[in-house]
Amino acid sequence: MDLEIAGNAALVTASSSGLGKASATALAREGVDVVINGRDEDRLAEAKAEIESVAEGEVVAQPGDLTDPDDVTALVEATVDKFGGLDHLVTSAGGPPSGAFLETDDEDWEEAYELLVMSVVRLAREAEPHLREGDGGTIVNVTSRSVKEALDSLVLSNSVRMGVIGLEKTLSKEFAPAIRANAVLPGPHETSRIRELVNDAVDRGEYDSYEEGLAEWAGNPLERIGDPMELGNTVAFLSSPKSGFINGTALPIDGGATGANL
């Protein structure tokens, strides 16, 4: 399917690895010019080379810390300066530390809020005038299925990510009809982080093999873990006119693991 977004410009944050990189890859394969972002410049350079190997559009690496307002401004400015505009914003960020409620302090909560919520607030604010100038601007927020169903020992993710969903729903109304805003709610996908965790567990003797350990992460009716590109392809679809009547939704991508009816 031609998503009809070739030649568009996109900014994808936290895209040097994981689901952000998969989202950037999917867009670049569709011919979108993409700015990718991360704090580790070496990892960012590796991601750029990997995405360029399959890209039909141009790929630009822009380092930056999403908790730094100046870096957020620079990310949007770099995209507009390089490509002459901005059509699609994809927000992604690393997850906050795991832990139970009584194991977290005020600093943990403040850091999680800055990373997960204020980064999206600032990105949307900076991107909005540029997204309006194009023909069908989009925002896709990559969050977590924890906003649908609280997960054990993830109090920060369970609580703070809800703010992103409230923001996404609000923007889907306030920015419409020029800009559509949606969110994706991933369950476990076979990212480098998951591979690291599984391999560590194998080394500790908790599993006999990587495959056995990976199977423990599935826990869904499809009986497998997600491929990051499955989420990336969904992000590209939501960024395209092919999904033009989808606005203000929060779409679980978890193999059916979430128990909620809605």
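These legends walk through several close-ups of one predicted model.

Residues are numbered from 1 along each chain as its sequence is written. Because the model is predicted, local features need pLDDT of at least 70 and side-chain atom pairs count only at pLDDT 80 or more, while totals for chains, interfaces and linings use all residues, and side-chain values use heavy atoms, with hydrogens and water left out.

**View 1. The whole chain, with 8 helices and 7 strands.** Helices (H or I, at least four residues) and strands (E, at least two) are DSSP runs, numbered from the N terminus. Along the principal axes, the C-alpha atoms fit a box of roughly 55 × 40 × 35 Å. The radius of gyration is 18 Å, in agreement with the value near 18 Å for a compact globule of 262 residues (taken over C-alpha atoms; the rule is 2.2 Å times the number of residues to the power 0.38). Of the 262 residues, 48% count as buried (under 20% relative accessible area; exposed is over 50%, and partly exposed is in between, with a 1.4 Å probe and protein chains only). Take the contacts (heavy atoms within 4.5 Å) with a separation of 6 or more: 74% of them link residues 24 or more positions apart.

**View 2. The open sheet of 7 strands.** Reading across, the order is S3-S2-S1-S4-S5-S6-S7, and the pairing is parallel (two strands pair if DSSP finds at least two bridges between them). S3 (59-63) and S7 (250-253) sit at the edges with a single partner strand each, so one side of each has no neighbour in the sheet. From one strand to the next, the twist averages 20°. Strands S4 (residues 88-91) and S5 (residues 137-142) run parallel and are joined by 4 bridges; Val-90 has Val-140 in S5 as its bridge partner.

**View 3. Helices H1 and H5 against the sheet.** H1 (residues 18-29) packs on the sheet and touches S1 (9-12), S2 (33-38), S3, S4, S5 and S6 (179-186). The direction of H1 makes about 170° with that of S1 (axes are lines fitted to C-alpha atoms, for helices over the stretch in contact, and angles run from 0 to 180 degrees between N-to-C directions). H5 (residues 155-174) packs on the sheet too, touching S5, S6 and S7, with its direction at about 155° to that of S6.

**View 4. Helix H8, mostly covered.** In H8 (residues 228-238), 8 of the 11 residues are buried, among them Met-229, Leu-231, Val-235 and Leu-238. The buried residues of H8 pack against H1, S4, S5, S6 and S7. At the N-terminal end, Asp-227 acts as the cap: one of its side-chain oxygens lies 2.9 Å from the backbone nitrogen of Met-229.

**View 5. Three salt bridges, including Glu-52 with Lys-48.** The count for the model is 10 salt bridges (a side-chain nitrogen of Lys or Arg within 4 Å of a carboxyl oxygen of Asp or Glu). Glu-52 and Lys-48 meet at 2.6 Å, N to O, and they are 4 residues apart in H2 (residues 41-52), about one helical turn. Both are partly exposed, Glu-52 at 38% and Lys-48 at 25%. In H6 (residues 192-203), Arg-193 and Glu-196 are 3 residues apart, also about one helical turn, and their side chains meet at 3.6 Å, N to O. Arg-204 and Glu-206 form a salt bridge at 2.7 Å, N to O; Arg-204 is exposed at 54%, whereas Glu-206 is partly exposed at 45%.

Key
A polar contact is a pair of N or O atoms within 3.5 Å; within protein, one must be able to donate a hydrogen and the other to accept it, and residues adjacent in sequence count only if both atoms are side-chain atoms.
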